[in-house]
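User: Please take a close look at a single part of this structure, and describe carefully its surroundings and the definitions behind each term.

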Amino acid sequence: ERIAEAVRGADAVIFACSASAKGGNAAQVDEQAAIKAAQACKMAGVPKYVLISSGGVARPGSLGYVATNWMPGPTWGIMDAKAKGEEGAKAALRGSNTRYTVP
């Protein structure tokens with residue numbers, strides 16, 4: 001609800017966060033936070049949600065996906081988390097007045 005209060009009245013929200021050594025692992029940021037931001041947009045009536053993810057998510061069998069997914073540290077599993085975040089955000093916004101884009 002705090003996020004919804006923060007974005008209320010916005011024309012759009014762009015989620016461009018990702019896991020890093022400076023804070024948050026892949027599951028917390030690329031999956032859970034992406035979904036929470038989408039839910040907040042729906043609650044606040046924000047008309048547009050843009051989720052910056054990774055083009056590699058569409059190619060789960062590719063070398064780039066696999067190699068990126070297996071990087072050690074807080075980004076371990078990042079491609080799987082991004083895929084789950086995309087699907088979760090889409091599901092959260094389904095049937096709402098908030099349009100979404102995953103460029």
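Analyst: What follows starts from one lysine and works outward to the cavities and side-chain pairs.

This is a predicted model, in which local features need pLDDT of at least 70 and side-chain atom pairs count only at pLDDT 80 or more, while totals for chains, interfaces and linings use all residues. Residues are numbered from 1 along each chain as its sequence is written, and side-chain values use heavy atoms, with hydrogens and water left out.

Lys-82 sits in helix 4, which covers residues 78-93; helices (H or I, at least four residues) and strands (E, at least two) are DSSP runs numbered from the N terminus. Its relative accessibility is 9%, so Lys-82 counts as buried, where buried means under 20% relative accessible area, exposed over 50%, and partly exposed in between, with a 1.4 Å probe and protein chains only. Leaving aside residues up to four places away in sequence, Lys-82 touches Ser-18, Asp-30, Ser-53, Ser-54 and Val-57, a contact being heavy atoms within 4.5 Å.

One of these contacts, Asp-30, is also the salt-bridge partner of Lys-82, at 2.8 Å from N to O; a salt bridge is a side-chain nitrogen of Lys or Arg within 4 Å of a carboxyl oxygen of Asp or Glu. Because Lys-82 lies in helix 4 and Asp-30 in helix 2, this pair ties together parts that are 52 residues apart in sequence. Both Lys-82 and Asp-30 are buried.

The count of salt bridges comes to two. Glu-87 and Lys-90 form a salt bridge with their closest N and O atoms 3.8 Å apart, and since these residues are three apart in helix 4, about one helical turn separates them. Glu-87 has 47% relative accessibility and therefore counts as partly exposed.

Lys-82 and Asp-30 also appear together in the lining of the largest cavity, alongside Phe-15, Cys-17, Ala-34, Leu-51, Ile-52, Ser-53 and Glu-86. A cavity is a set of points, on a 1 Å grid over the protein atoms alone, where a 1.4 Å probe fits but cannot get out, and lining residues have an atom within 4 Å of a point. The structure holds two cavities of 30 Å³ or more, and the largest has about 40 Å³ of space, where grid points are joined across faces, edges and corners and a volume is the space filled by probe spheres set on the points. Helix 2 (26-44) and helix 4 each supply at least two residues of the lining of the largest cavity, which by class has five nonpolar, one polar and three charged residues. In this scheme Ala, Val, Leu, Ile, Met, Phe, Trp, Tyr, Cys and Pro count as nonpolar, Asp, Glu, Lys and Arg as charged, and the others, Gly among them, as polar.

The second largest cavity, with a volume of about 30 Å³, is lined by Tyr-49, Leu-51, Glu-86, Ala-89, Lys-90, Leu-93, Tyr-100 and Val-102. Leu-51 and Glu-86 thus occur in both linings. Helix 4 gives the most to the lining of this second cavity, with four residues, and strand 2 (48-51) supplies at least two. By class, the second lining has six nonpolar, no polar and two charged residues.

Technical notes
On a 1 Å grid over the protein atoms alone, a cavity is a set of points where a 1.4 Å probe fits but cannot get out, and a pocket is an open set with protein on both sides within 12 Å along at least five of seven lines; lining residues have an atom within 4 Å of a point.
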